[in-house]
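Let's take a walk through a protein together. Keep the sequence and the 3D view side by side, and find each residue as we come to it.

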Amino acid sequence: MSDRVRNIAILGSTGSIGRSTLDVVAASHERLCVVGLTANSRLARLCDQARQFQPNWIVASNPDHASAFDWSVMPAGTELLLGAEGIASLVSRPEVEIVVAAIVGSAGLTGTWAALEAGKTVALANKETLVMAGPQVMRLARERGGKILPVDSEHSAVFQALEAGRRQDVKRIILTASGGPFRRHTPAQLAQVTVDEALSHPTWDMGPKITVDSATMMNKALEIIEARWLFDLQPDQIEVVVHPQSIVHSLVEFLDGSVLAQLSPPDMKLPIQYALTYPERWDCPSPKLDLAAAMSLDFEPPDLDRFPAIGLGHEVARVGGTAGAVLNAANEAAVAKFLGGQLLFTEIVPACRSVLDHHHFDASPTLEKLIELDIWARQEVTRWVCT
Ligand code: NAD
Ligand code: MG
């Protein structure tokens with residue numbers, strides 16, 4: 001184990017992944033050092049974190065929230081930066097070695113992009129970046145010598161299992177899905193789902209957007225697309241299996257039929273830490289698997305009729321181009337409408353399908369085009385809700 005200190009910046013430090021990352025840093029015996037933190041609205045929490053971790057910079061990404069906040073609680077020695085420009089400036093500083101991309105939604109794209117442009121290593125939680133612009137982002141990383149290490153637990157599991165063989169010998173990967181809180185719901189029950197029910201996940205404690213995505217299984221659709229670009233796999237090499245215990249985080253099958261899996265209790269600190277210490281492994285502050293305790297591991301195929309998002313994920317992974325950005329933005333907008341009481345739970349995926357079917361497909365879009373379509377798709381969801 002090296003004694004080298006790794007300097008990290010956490011984009012979205014006040015969220016679920018951001019806070020788990022800080023838990024990993026706190027347990028690292030000062031081998032991880034926080035040099036930058038960013039947050040959008042919970043600025044008092046950001047300042048608490050800054051007092052504890054003493055970063056060189058913090059970024060308040062929303063200038064309106066920032067101007068309404070009393071910054072006298074900020075520690076001396078920490079400099080305040082503002083807006084998306086502040087994030088771009090933070091991630092390109094020479095002091096930053098690893099950028100943890102933990103902003104939720106398409107708002108995470110620009111910071112990740114700037115980090116890769118500066119040739120940094122990105123510990124990527126923000127799957128939406130790859131859903132929107134997978135080929136462009138992977139190309140940028142290659143060209144600038146940057147690395148993308150997965151934080152998403154399934155992709156971390158695949159990344160770890162892939163180390164066991166040669167890439168050309170991979171037959172397929174199998175992403176596990178908890179199935180969410182409504183795994184056994186009938187279509188009639190699904191239509192009655194409330195916001196509170198959708199926000200309580202059986203195995204994972206996460207931010208609200210990804211918790212709803214897990215309930216619709218759109219999260220798995222986004223993860224199929226994420227895996228397609230991250231690991232350069234054909235969409236038909238990516239399968240999904242429901243595994244309600246969330247212990248087996250995903251599996252890789254090689255050509256000889258050997259299947260390798262990664263197992264651990266459901267806790268994001270382990271995949272976060274692996275992305276920060278790779279290729280080293282350190283003791284981790286997450287719970288350990290106890291195979292002596294009674295436990296069962298169940299697997300079943302997903303129900304594609306009750307959870308049509310998965311089909312949408314495979315379709316978008318196949319067509320590529322602008323489809324990912326449109327699906328992602330439509331989903332973000334539809335989830336926000338559901339959380340705001342303007343859309344039924346069972347309308348989220350049909351709204352996405354409708355917006356996807358109505359967009360002008362472009363097979364090789366520029367980044368600007370993808371950002372334009374992100375805005376367009378959100379407006380289309382509003383129109384869909386109003387008609
Ligand atoms: P969260 O809602 O708990 O936190 C989001 C963070 O992003 C906060 O720090 C917030 O200040 C910041 N943010 C929100 N909107 C922003 C904006 N417009 N501009 C800049 N910053 C903004 O979300 P989370 O659950 O931590 O998820 C973060 C990302 O990690 C998501 O992309 C999610 O899909 C992914 N992920 C999360 C988990 C998990 O267990 N929570 C697991 C795998 C992947
Ligand atoms: Mg995941």
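What follows is a tour that begins with the bound molecules and then visits a handful of single residues. One thing to keep in mind from the start: this is a predicted model.

Let's begin at ligand 1. Which residues come nearest to it? There are 24 residues around ligand 1, and the nearest are Thr-14, Ser-16, Ile-17, Glu-128 and Gly-207. Now zoom in on some atoms. Glu-128 brings a polar side-chain atom to 2.6 Å from an oxygen atom of ligand 1. Two glycines take part with their backbones instead. In Gly-15, a backbone N or O atom sits 3.1 Å from an oxygen atom of ligand 1, and for Gly-12 the corresponding distance, again from a backbone N or O atom to an oxygen atom of the ligand, is 3.2 Å.

How much of ligand 1 does the protein bury? On its own, ligand 1 would expose 830 Å², and the protein buries 88% of that. If you'd like to know which elements help to build the shell, look at helix H1 (16-26) and helix H10 (208-216): these are the ones that give two or more residues to it. You can also sort the shell by chemistry, which gives 11 nonpolar, 9 polar and 4 charged residues. Finally, zoom out a little. Domain 1 (6-150) and domain 2 (153-266 + 290-310) each supply at least three residues to the shell around ligand 1.

Next stop: the metal. Ligand 2 is a magnesium ion, and which residues coordinate it? They are Asp-152 and Glu-154, through OD and OE respectively, and Glu-223, also through OE, at 2.1 to 2.2 Å. Written along the chain, the spacing of these donors is D-x1-E-x68-E. Have a look at where two of them sit. Asp-152 is in the loop between strand S7 (147-150) and helix H7 (153-162), while Glu-223 belongs to helix H11 (residues 218-230), so this pair ties together parts that are 71 residues apart in sequence. Are these two buried or exposed? Both Asp-152 and Glu-223 are buried.

Stay in helix H11 for a moment, because it also holds Ile-224. With 0% relative accessibility, Ile-224 counts as buried. Now try a distance: from the C-alpha of Ile-224 to that of Gly-340 is 27 Å in space, for a separation of 116 residues in sequence.

On either side of H11 you can find a residue with an unusual entry in this tour: a positive phi. Met-217 lies in the loop between H10 and H11. Its phi is positive, at about 70 degrees, although Met-217 is not a glycine. Asp-232 is in the loop between H11 and strand S9 (238-242), and it too has a positive phi without being a glycine, here about 55 degrees. Which of the two is buried, and which is exposed? Met-217 is buried, at 3% relative accessibility, whereas Asp-232 is exposed, at 62%.

Now for the loop between helix H12 (269-277) and H13, where you'll find Pro-279. The peptide bond leading from Tyr-278 to Pro-279 is cis, with omega near 5 degrees. Arg-306 lies in the loop between H12 and H13 as well. Its relative accessible area is 22%, so Arg-306 counts as partly exposed. Between Arg-306 and Ile-17 there are 29 Å from C-alpha to C-alpha, and they are 289 residues apart in sequence.

Move on into helix H13 (residues 309-319) and you reach His-314. At 19% relative accessible area, His-314 is buried, because the cut-off for that is under 20%. What does its side chain reach? The side chain of His-314 comes to 2.7 Å from the backbone oxygen of Ile-238.

One last visit takes us to helix H4 (residues 83-91), which contains Ala-84. Ala-84 is partly exposed, with 44% relative accessible area. Asn-62 is 22 residues away from Ala-84 along the chain, and their C-alpha atoms are separated by 8.0 Å.

Technical notes: Residues are numbered from 1 along each chain as its sequence is written. Chains are lettered from A and ligands numbered from 1 in the order in which they are written. This is a predicted model: local features need pLDDT of at least 70, side-chain atom pairs count only at pLDDT 80 or more; totals for chains, interfaces and linings use all residues. Side-chain values use heavy atoms; hydrogens and water are left out. A residue is near a molecule or strand if one of its heavy atoms lies within 4 Å of it. A polar contact is a pair of N or O atoms within 3.5 Å; within protein, one must be able to donate a hydrogen and the other to accept it, and residues adjacent in sequence count only if both atoms are side-chain atoms. Accessible areas come from the Shrake-Rupley method with a 1.4 Å probe; for residues, only the protein chains shown count as cover. Helices (H or I, at least four residues) and strands (E, at least two) are DSSP runs, numbered from the N terminus. Ala, Val, Leu, Ile, Met, Phe, Trp, Tyr, Cys and Pro count as nonpolar, Asp, Glu, Lys and Arg as charged, and the others, Gly among them, as polar. Domain bounds come from an automatic or database domain assignment. Donors are N, O and S atoms within 2.8 Å of the metal (3.2 Å for Na, K and Ca); water is not among the atoms, so sites may look incomplete. Buried means under 20% relative accessible area, exposed over 50%, partly exposed in between (1.4 Å probe, protein chains only).
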